[in-house]
Number of protein chains: 2
Amino acid sequence: MEYEQLKLDNQLCFRLYTAARLTMGAYHPYLDPLGITYPQYLVLLVLWEQDKQPVNDIAHKLFLETNTVTPLLQRMEKAGLVKRTKGKEDTRQRIVSLSKKGIEMREQAKHIPECLSNEIIQITGEEEEFVRMIPTLDKLIQGLKQQ
Amino acid sequence: MEYEQLKLDNQLCFRLYTAARLTMGAYHPYLDPLGITYPQYLVLLVLWEQDKQPVNDIAHKLFLETNTVTPLLQRMEKAGLVKRTKGKEDTRQRIVSLSKKGIEMREQAKHIPECLSNEIIQITGEEEEFVRMIPTLDKLIQGLKQQ
DNA sequence: TACTTTTGCATCGTGAACGATATAAATAAG
DNA sequence: CTTATTTATATCGTTCACGATGCAAAAGTA
């Protein structure tokens with residue numbers, strides 16, 4: 001059994017990877033009608049919490065690199081969801097702000113988290129375990145981000 | 001607090017998505033020297049368990065679409081890790097088999113799961129919770145796959 | 001002030017991931 | 001035995017995701 005640990009069944013990371021992919025897929029019925037993708041939805045979540053943020057802040061909150069977020073924002077600007085203006089104090093910065101369309105979308109997206117949550121609970125028959133999972137995932141994320 | 005649930009902090013799926021991405025990043029120090037990516041590593045895990053499988057079986061075991069796996073395998077073939085031969089009974093199938101290099105890599109990869117596991121436990125200070133997480137993630141994966 | 005370093009963002013190249021579509025082979029239906 | 005349908009891959013187009021690199025502005029230093 002020298003290679004026992006190489007079996008796919010023993011891989012926690014594979015489960016995380018798969019669960020994340022399939023969960024993103026579960027957003028499709030809700031995001032497709034809005035014409036946005038899951039990462040774009042995450043950007044909107046960030047901006048709905050606080051409008052007018054530089055690229056760097058958004059990237060940091062999503063644990064993404066700016067070279068991922070920049071093209072994402074360019075596509076979102078093209079779709080009329082956000083505007084990107086030069087920073088006043090620091091002209092290197094690009095301040096991202098919600099457009100009218102981006103602001104209005106909040107109302108349409110209001111129930112998405114609840115819907116997803118219900119769906120997951122219904123599918124798995126679990127709720128408690130997901131709640132318990134959160135601080136552990138947070139520790140993992142924070143720990144891996146340091147490296 | 002009408003939009004409370006839209007706060008990023010409340011999103012389980014965002015944590016899954018982020019944890020999965022960062023965990024994949026943690027494989028880099030181990031996979032880069034082997035010249036493979038994480039999804040390619042997963043394909044190797046599948047083939048190390050059982051050599052000579054059609055594309056469809058590999059895709060199914062990884063919960064991926066064949067249009068993701070096909071180019072993945074093409075890159076792996078170009079890298080000399082696998083061979084892709086026409087099926088004998090069913091000529092539509094492409095049987096994927098390990099090359100010498102692919103077989104030998106198993107020995108080099110032997111300790112990767114253990115290393116990652118230790119790293120994660122050390123970073124988070126948790127182990128029990130990850131063990132408990134596994135059947136829940138499996139339920140989630142199975143449930144989402146049906147849809 | 002002149003020079004160096006850092007920072008914020010953008011660009012480029014590569015590899016996933018997947019919906020849509022194509023194609024050929026196998027299977028089912030007539 | 002044809003014809004229709006399904007199945008197994010492949011191809012195409014778009015969107016992430018990220019390492020490497022570029023560039024201009026800001027900050028630090030001599």
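Buried, in this tour, means under 20% relative accessible area, with exposed meaning over 50% and partly exposed in between, using a 1.4 Å probe and the protein chains only. The model is predicted, and local features need pLDDT of at least 70, side-chain atom pairs count only at pLDDT 80 or more, and totals for chains, interfaces and linings use all residues. Residues are numbered from 1 along each chain as its sequence is written, chains are lettered from A in the order in which they are written, and side-chain values use heavy atoms, with hydrogens and water left out.

**Chain A as a whole**

Select chain A and show it as a C-alpha trace, which spans about 60 × 35 × 25 Å along its principal axes. A cartoon view gives eight helices and three strands, where helices (H or I, at least four residues) and strands (E, at least two) are DSSP runs numbered from the N terminus. Followed along the sequence, the elements of chain A come in the pattern α-α-α-β-α-α-β-β-α-α-α. Of the 147 residues in chain A, 48% are buried. Switching to a surface, chain A exposes about 7800 Å², and carbon and sulfur atoms supply 50% of that area, the accessible areas coming from the Shrake-Rupley method with a 1.4 Å probe, for which only the protein chains shown count as cover of residues.

**The sheet of chain A**

Next, select the three strands of chain A, which form an open, antiparallel sheet in the order E1-E3-E2; two strands pair if DSSP finds at least two bridges between them. Strand E1 (53-54) and strand E2 (82-86) of chain A stand at the edges with a single partner strand each, so one side of each has no neighbour in the sheet. Between E2(A) and strand E3 (residues 94-98) of chain A, which run antiparallel, there are five bridges. Within chain A, label A:Arg84 and look across to A:Val96 in E3(A), which stands opposite.

**Strand E3 of chain B**

Moving to chain B, select B:Ser97, which is found in strand E3 (residues 94-98) of that chain. B:Ser97 has a relative accessible area of 8% and is buried. Leaving aside residues up to four places away in sequence, B:Ser97 touches B:Asp51, B:Lys52, B:Leu81, B:Val82 and B:Lys83, a contact being heavy atoms within 4.5 Å.

**Salt bridges**

Side chains of opposite charge can pair when their charged atoms come close. Over all chains the structure holds 18 salt bridges, each being a side-chain nitrogen of Lys or Arg within 4 Å of a carboxyl oxygen of Asp or Glu. Begin with B:Arg84 and B:Glu77, whose side chains meet in a salt bridge at 2.9 Å, N to O; B:Arg84 is buried at 15% relative accessible area, whereas B:Glu77 is partly exposed at 29%.

Then select B:Arg132 and A:Glu129, a salt bridge whose closest N and O atoms are 3.8 Å apart. B:Arg132 lies in helix H8 (residues 128-146) of chain B and A:Glu129 in helix H8 (residues 128-146) of chain A, so this pair joins two chains. B:Arg132 is partly exposed, at 34% relative accessibility, while A:Glu129 is buried, at 3%.

Which other residue forms a salt bridge with B:Arg132, its closest N and O atoms being 2.7 Å apart? That residue is B:Glu129, which is buried at 3% relative accessibility. B:Arg132 and B:Glu129 are three residues apart in helix H8 of chain B and are therefore separated by about one helical turn. To finish, select A:Glu129, A:Arg132, B:Glu129 and B:Arg132 together, since these residues are linked in a network of salt bridges.
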